[in-house]
Amino acid sequence: MPAVGAVVGAIGGLSLLAAAALQLPAPAAALLAVAVTILVTGALHEDGLADVADGFGGGRDPAHKLAIMRDSRIGSYGVLALVLSVALRAAALAAIAAPDAGQAALALIASQCISRAGLGALMAGLPGARADGLAAAVGRPRGADALAAAATAILAAVLLLPWHAAALALAGAFLASTGIAVLARRQIGGYTGDVLGAAQQLSEIVVLLVLAALMA
């Protein structure tokens, strides 16, 4: 999964560099780059984030929460989650891009890699919340696969970022993924594909915010 993130991040990073070359303001370039990553992934993770926000925020019990998450309609919690996700990512990326668009492109690639590193561990460590659905169809990853994903993300962070930024970004992503895992276990008893999407989104937001604080 981190390798997929590298491809997505590279496409978004190239769009950011192109926008910077056209003399677009950093906020516009950053928002364009985030939009490109959303288009490339088909908004898969954003959809998961919105469903989790609606389900966890509006469901009265695990079964009701899962039913809400499966509903294709989006509620107020989901809308707010999406707005905040796009706004925070774009703002953080713009802060990095203002002094150095090239560094922002690298930060975007790193965030896409790191934010996917914990998904395998989340799937290996939590039970499935339902017997059907995308996550159930994919199956559980082996422990070795989860470790390989984490190692790939660590390597990407070290190669693309200053060492202190890499360390704090990895720590932030770990805390974000762990928080989502604990919340999902309490709310619905395990993970679903939507939970994985929400974990990726929250991790990406945290990584970009950490990098903005350190590199802007």
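Contact here means heavy atoms within 4.5 Å. By that criterion, what covers the buried residues of α2 includes α1 (2–21), α3, α5 (76–97) and α6. The model is predicted. Two further topics follow from α2: a cavity that α2 helps to line, and a salt-bridge network joining E46, R89 and E204.

**Helix α2**

- The buried residues of α2 are A26, A29, A30, A33, V34, V36, T37 and I38.
- An α-helix has 3.6 residues a turn, so residues three or four places apart point the same way.
- The length of α2 fits a helix: at 1.5 Å a residue, its 16 residues should span 22 Å, and the end C-alpha atoms lie 23 Å apart, which agrees.
- G42 comes just after α2 and takes a positive phi of about 65°.

**Cavity**

- The count is one cavity of 30 Å³ or more.
- The largest cavity holds about 50 Å³ of space.
- Its lining consists of V8, T37, I38, T41, H45, E46, R89, Q112, R116, Q200, Q201 and E204.
- Two or more lining residues come from each of α2 (26–41), α3 (44–58), α6 (101–117) and α11 (193–215).
- By class, the lining has six polar, four charged and two nonpolar residues.
- T37 and I38 appear in this lining and are also among the buried residues of α2.

**Salt bridges around R89**

- The structure holds four salt bridges.
- E46 pairs with R89, with the closest N and O atoms 3.1 Å apart.
- E46 sits in helix α3 and R89 in helix α5, so this pair ties together parts 43 residues apart in sequence.
- Both E46 and R89 are buried.
- E204 also forms a salt bridge with R89, the closest N and O atoms being 3.5 Å apart.
- Here E204 lies in helix α11 and R89 in helix α5, so the pair ties together parts that are 115 residues apart in sequence.
- E204 is buried, as is R89.
- Shared partners join E46, R89 and E204 into one network.
- E46, R89 and E204 are each found in the lining of the largest cavity.

**Salt bridge of R73 and D71**

- R73 forms a salt bridge with D71, with 2.7 Å between the closest N and O atoms.
- R73 is exposed, at a relative accessible area of 64%.
- D71 is partly exposed, at a relative accessible area of 26%.

Note on methods:
Residues numbered from 1 in each chain as written. Predicted model: local features only at pLDDT ≥ 70, side-chain atom pairs only at ≥ 80, totals over all residues. Heavy atoms only, no water. 1 Å grid on protein atoms, 1.4 Å probe; cavity = no way out; pocket = protein on both sides within 12 Å on 5 of 7 lines; lining within 4 Å. Points joined across faces, edges and corners; volume = space filled by probe spheres on them. Helix = DSSP H or I, 4+ residues; strand = E, 2+ residues; numbered from the N terminus. Nonpolar A, V, L, I, M, F, W, Y, C, P; charged D, E, K, R; others polar. Expected span 1.5 Å × (residues − 1). Buried < 20%, exposed > 50% of the residue type's maximum accessible area, 1.4 Å probe, protein only. Salt bridge = Lys/Arg side-chain N within 4 Å of Asp/Glu carboxyl O.
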